[in-house]
Amino acid sequence: MKRPWQGQVEPPLLTTVPRHDPHNPLCPGATRANGEVNPHYEGTFLFDNDFPALQPDAPSPGSSDHPLFQAEAARGVCKVMCFHPWSDVTLPLMSVPEIRAVVDAWASVTEELGAQYPWVQIFENKGAMMGCSNPHPHCQVWASSFLPDVAQREERSQRAYQSQHGEPLLMEYGRQELLRKDRLVLTSEHWLVLVPFWAVWPFQTLLLPRRHVLRLPELTLAERDDLASIMKKLLTKYDNLFETSFPYSMGWHGAPMGSEAGANWDHWQLHAHYYPPLLRSATVRKFMVGYEMLAQAQRDLTPEQVWTWSTLGPWVPFSLLFPQGIPIIMTLRIPATWVFLGTQELTPSSSGYSSGRSHQPPHPTCSPPVSSVS
C-alpha cells in the first residue's frame with residue numbers, strides 16, 4: 001500500500017454535472033436514440049434498453065460438429081432504470097424516501113421479469129471508472145433465460161453448504177460476523193453490511209438481510225424502509241472515504257425464478273455485492289492484472305484493515321494505518337466454500353466534493369485469494 005506509485009492516475013471527476021440536459025437521453029423529456037421521448041418523470045423511470053445485449057427472440061446458433069465449440073441461444077430482455085429526474089445527484093445524495101422508491105422499483109421489476117425468466121440481474125455501474133457512460137443516476141436490469149456463471153457458482157456453493165451443515169450458508173455467515181465483529185461496517189434492525197472474509201477488492205462489501213429472504217419482492221415494508229436507510233449510510237461512507245463520488249459496481253443476487261421458482265431454493269439468501277475499484281486515493285485504483293489474472297487474487301488490504309479504516313473514517317492519516325517498512329505478508333484465506341468473490345453526506349462543490357469529519361470482479365470459486373499487507 002505504501003510502495004511508490006508511478007502508474008496510471010485517473011482524471012479528476014467532473015466538478016459540475018448539469019441538473020437537466022435536454023440532450024442527455026436519460027433526462028425527463030429527452031429524446032432517446034430510438035426516437036422515443038422520455039416522459040417528464042418525477043421519480044423512478046423504467047424503460048427498455050435501446051442497445052440490449054439480450055433479445056427475447058435470439059436465434060439458435062445451431063448444432064456444432066465438435067465438443068470444443070458448443071453454443072446455445074442466450075435469450076432475455078434488458079432494461080434501464082433511472083433513479084431520479086436530476087442528473088447531478090447520486091444515491092447517497094438522495095433522500096431516504098427517494099431511495100425507498102428505488103427499492104420498490106427493484107422489487108417490482110424483479111417480480112415482473114422473474115415471472116418469465118429464471119435470472120433477473122439488477123446492477124449499477126457508478127462512475128466513469130467503472131464503465132458508466134452517463135452520469136445520470138441509473139441502473140440496469142438484465143433478465144436471462146439461463147443462470148449466468150456467477151449465479152451458477154453461488155447456487156452450487158449455497159446448496160452444498162446447506163446439504164452438509166443443514167442451514168443456509170449466508171445466514172450462518174451473517175451470524176458469525178455479528179458474533180466476531182471484526183468486519184462489520186453497519187448494522188440495523190433488519191440488515192448487515194460487512195467486508196467479506198473473502199473480499200479481494202480493497203473496499204468490497206456485502207449487504208445481507210438478517211431474516212431468511214430469498215428474493216427482493218419478499219422484503220417486508222419495514223425491511224424496505226430499513227434497506228433504504230442503510231444504503232444511504234453505506235454509500236455516504238464510501239463517498240467520505242476519499243472525499244469523492246465513490247465509483248463501484250454493485251448488484252443484487254437472489255434465488256432463481258421463472259419456471260424454476262417452484263423448486264426448493266431454501267439454501268439461498270438474498271444479498272447485494274459492492275465492488276469499488278479505488279485503492280489508495282480518489283485517483284488510484286486497483287488493477288486485477290498479472291498475478292491476479294494468471295494465478296489468483298491478491299489483497300492489497302485485508303478485510304480487517306478495511307473495516308478498521310471504514311470505522312475510524314477518512315480523517316485518520318493513511319500513513320498511520322499503513323506505515324512504511326512493514327514487510328509484505330502473504331496469507332491464504334480458505335472459507336468453508338468459495339461463494340463470492342460517519343455518515344455525513346458529501347455535497348458537490350466547485351472544487352469537487354466536501355464533507356464534515358464523519359466518518360468486474362473475479363469470484364474465488366476455485367482457489368483462495370492472497371492477502372498482501374504492506
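**Exercise 1.** State which residues Tyr274 contacts, leaving aside its neighbours within four places in sequence, and place Tyr274 in the nonpolar core.

*Solution.* Step 1: with contact taken as heavy atoms within 4.5 Å, Tyr274 meets Gln204, Thr205, Leu207, Met231, Leu234, Leu235, Tyr238, Tyr248, Ser249 and Met250, its neighbours within four places in sequence being left aside.

Step 2: a nonpolar core is a set of buried Ala, Val, Leu, Ile, Met, Phe, Trp, Tyr and Cys residues joined through side-chain atoms within 4.5 Å, where buried means under 20% relative accessible area, exposed over 50%, and partly exposed in between (1.4 Å probe, protein chains only). The largest such core has 48 residues, and those touching the most other members are Leu91, Trp106, Leu207, Leu227, Met231, Trp252 and Tyr274.

Step 3: another core, of nine residues, lies apart from the largest one and includes Tyr161, Leu184, Trp198 and Leu208.

The model is predicted: local features need pLDDT of at least 70 and side-chain atom pairs count only at pLDDT 80 or more, whereas totals for chains, interfaces and linings use all residues. Residues are numbered from 1 along each chain as its sequence is written, and side-chain values use heavy atoms, with hydrogens and water left out.

**Exercise 2.** Describe how helix 1 and helix 4 pack.

*Solution.* Step 1: helices (H or I, at least four residues) are DSSP runs numbered from the N terminus, as are strands (E, at least two). Helix 1 covers residues 96–114 and helix 4 covers residues 221–241; their axes are 8 Å apart, at an angle of about 120 degrees. Axes are lines fitted to C-alpha atoms, for helices over the stretch in contact, and angles run from 0 to 180 degrees between N-to-C directions.

Step 2: helix 1 and helix 4 are therefore oblique to each other, since angles under 35 degrees count as roughly parallel, over 145 as roughly antiparallel, 65 to 115 as roughly perpendicular and the rest as oblique.

Step 3: the contact involves Val96, Ile99, Arg100, Val103, Asp104, Trp106 and Ala107 of helix 1, together with Leu221, Arg224, Asp225, Leu227, Ala228, Ser229, Met231 and Lys232 of helix 4.

**Exercise 3.** Determine whether Glu223 and Leu214 are buried or exposed, and list their contacts.

*Solution.* Step 1: Glu223, found in helix 4, is buried because its relative accessibility is 3%. Not counting residues up to four places away in sequence, Glu223 touches His190, Trp191, Arg211, Val213 and Glu218.

Step 2: Leu214 lies in the loop between strand 7 (205–209) and helix 4 and is buried, at 15% relative accessibility. Leaving aside neighbours within four places in sequence, Leu214 contacts Gly254, Ala255, Trp265, Asp266, Trp268 and Leu270.
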